[in-house]
Amino acid sequence: MTRPPEPLTTRRGFLRYLAGTPLLAGAGLYRWPFADSAAARFDDEIAAEIAQFVSEQGRVVYSPDQAVNVFDLEATARKNVPPSHFAYMATGVDGEVTLQANRDALARLQLRARRLVDVSQIDMSTEIFGRRWETPIVIQPCGSQKAFHPDGEVAVARAARARGHLQMLSTVTTSSVEEVNEARGEPVWYQLYPTNKWAVTEAILRRVEAAGCPVVVLTVDHPVGGNRETSARGSQEDPRDCSVCHLPRAEGFAGSVRRKPMFDGLDLTDVTGVGNPSATWDFVDRIKDTIGMRLVVKGIVTREDAELCIEHGVDGIVVSNHGGRNEPSGRATIESLPEVVEAVAGRVPVIVDGGFRRGTDMLKALALGATAVGIGRPYLWGLGAFGEAGVDAVLQMLRAELQRSMQLVGAPSLAALSRAILAR
């Protein structure tokens with residue numbers, strides 16, 4: 001799928017135009033000719049944005065080992081995956097300000113490196129619920145993964161198993177929790193979309209608990225679906241007959257999840273969507289009273305809600321804005337993270353996701369107090385590019401980048417990270 005043209009009236013469209021001009025080629029990159037003329041000089045902020053933009057375009061590669069960063073796998077997945085499917089993965093909401101905010105806010109944070117620290121041995125391990133994971137990189141729940149590769153969530157589970165990563169599985173998975181658990185070699189964490197019908201919620205919870213999943217991750221940032229314009233445009237550009245897989249909207253919710261095995265055999269009468277717009281904190285209490293598993297709440301972005309999580313006995317928090325694909329807040333998760341961490345005060349683990357593409361991005365979140373950092377689109381890029389091998393390549397690259405970043409800032413362990421290494 002080729003990128004749709006962006007108007008020069010948008011900042012990103014302007015950057016894309018500049019990045020493609022001969023003006024930026026050769027040794028004079030990012031500077032006009034006659035650079036000593038003040039009137040002809042680029043604004044330094046614009047120059048920095050262009051540099052970041054160009055570095056994140058990626059290039060199509062033909063084997064996982066050719067990729068030098070995750071953006072190369074994005075470019076390859078864009079070529080391989082059908083237009084509507086890639087747009088579903090890539091989309092934000094409205095003008096995609098929240099999607100872009102996640103990246104922009106990370107870029108504004110600088111690292112203050114310390115010198116003459118012994119970094120010959122690096123410990124990236126983190127402890128969550130009494131279990132030590134060798135890396136803080138978490139595979140976040142993303143739905144419909146067979147839209148990107150025929151092996152879908154099973155391929156991701158195999159890669160997670162090979163590298164020892166914590167994995168969360170989406171309610172709208174295209175592989176059953178039982179299949180994924182088998183491929184992972186142990187039960188995964190299960191992300192819950194509650195729907196507006198308690199009988200459906202309870203049935204899914206019972207099934208997940210019977211499958212041995214130790215943790216349920218309740219998503220609360222999706223009471224209703226967002227205005228996903230890129231996804232809508234991608235569907236219009238796709239030349240295939242989508243009705244082969246997708247029933248018309250008139251068929252209702254049951255039609256939309258007919259290829260989602262976690263809904264098999266359930267009475268979906270009166271279910272209007274995966275979200276529950278009437279849910280309150282009483283709903284959290286009801287889930288806790290129903291299950292014996294731990295309960296994590298995903299989608300918390302404020303101090304007030306973090307404090308309510310503690311009051312209601314929640315076992316953990318995921319700071320998330322749904323990858324910028326549901327709420328039009330324009331606020332990045334890395335900006336929400338500090339107030340949530342302060343409210344929690346170490347009483348429960350805090351995982352964060354949203355825009356993390358490099359080891360340095362993760363380092364910044366860990367320095368702000370995150371217990372672990374989740375990735376979504378990057379491993380889907382790997383999946384769409386090369387299946388399990390592509391996911392494995394993403395995990396390898398991000399782990400290597402995080403380790404190298406810790407060495408270069410003088411942090412031999414996650415415990416050595418603090419806000420002291422950050423500057424704006």
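Here is a friendly conversation about some salt bridges and one asparagine in this predicted model.

User: Before we start, what should I know about the numbering and the model?

Analyst: Residues are numbered from 1 along each chain as its sequence is written. In this predicted model, local features need pLDDT of at least 70, side-chain atom pairs count only at pLDDT 80 or more, totals for chains, interfaces and linings use all residues, and side-chain values use heavy atoms, with hydrogens and water left out.

User: What makes arginine 59 and aspartate 72 a salt bridge?

Analyst: A salt bridge is a side-chain nitrogen of Lys or Arg within 4 Å of a carboxyl oxygen of Asp or Glu. The closest N and O atoms of arginine 59 and aspartate 72 are 2.4 Å apart, so the pair fits the rule. Arginine 59 sits in the loop between helix H2 (44-55) and helix H3 (70-80), and aspartate 72 in helix H3, 13 residues apart. Helices here are DSSP runs of H or I with at least four residues, strands are runs of E with at least two, and both are numbered from the N terminus.

User: Why is aspartate 72 called buried?

Analyst: Buried means under 20% relative accessible area, exposed means over 50%, and partly exposed lies in between (1.4 Å probe, protein chains only). Aspartate 72 has 4%, so it counts as buried. Its partner arginine 59 has 40%, so arginine 59 is partly exposed.

User: How do you know that aspartate 392 and arginine 163 form a salt bridge?

Analyst: Their N to O distance is 2.7 Å, which puts the pair inside the salt-bridge limit. Aspartate 392 lies in helix H16 (residues 388-409) and arginine 163 in helix H6 (residues 152-163), so the pair ties together parts that are 229 residues apart in sequence. Aspartate 392, at 15%, is buried, while arginine 163, at 29%, is partly exposed.

User: How many salt bridges does the rule give?

Analyst: The count comes to 16 salt bridges. Among them is the pair of arginine 419 and glutamate 342, at 3.2 Å from N to O.

User: Now to asparagine 102: why is asparagine 102 called buried?

Analyst: Asparagine 102 has a relative accessible area of 2%, so it falls in the buried class. This residue lies in helix H5 (residues 97-108).

User: What makes its link to asparagine 321 a polar contact?

Analyst: A polar contact is a pair of N or O atoms within 3.5 Å; within protein, one must be able to donate a hydrogen and the other to accept it, and residues adjacent in sequence count only if both atoms are side-chain atoms. The side chains of asparagine 102 and asparagine 321 make such a contact at 3.0 Å, so the distance fits the limit.
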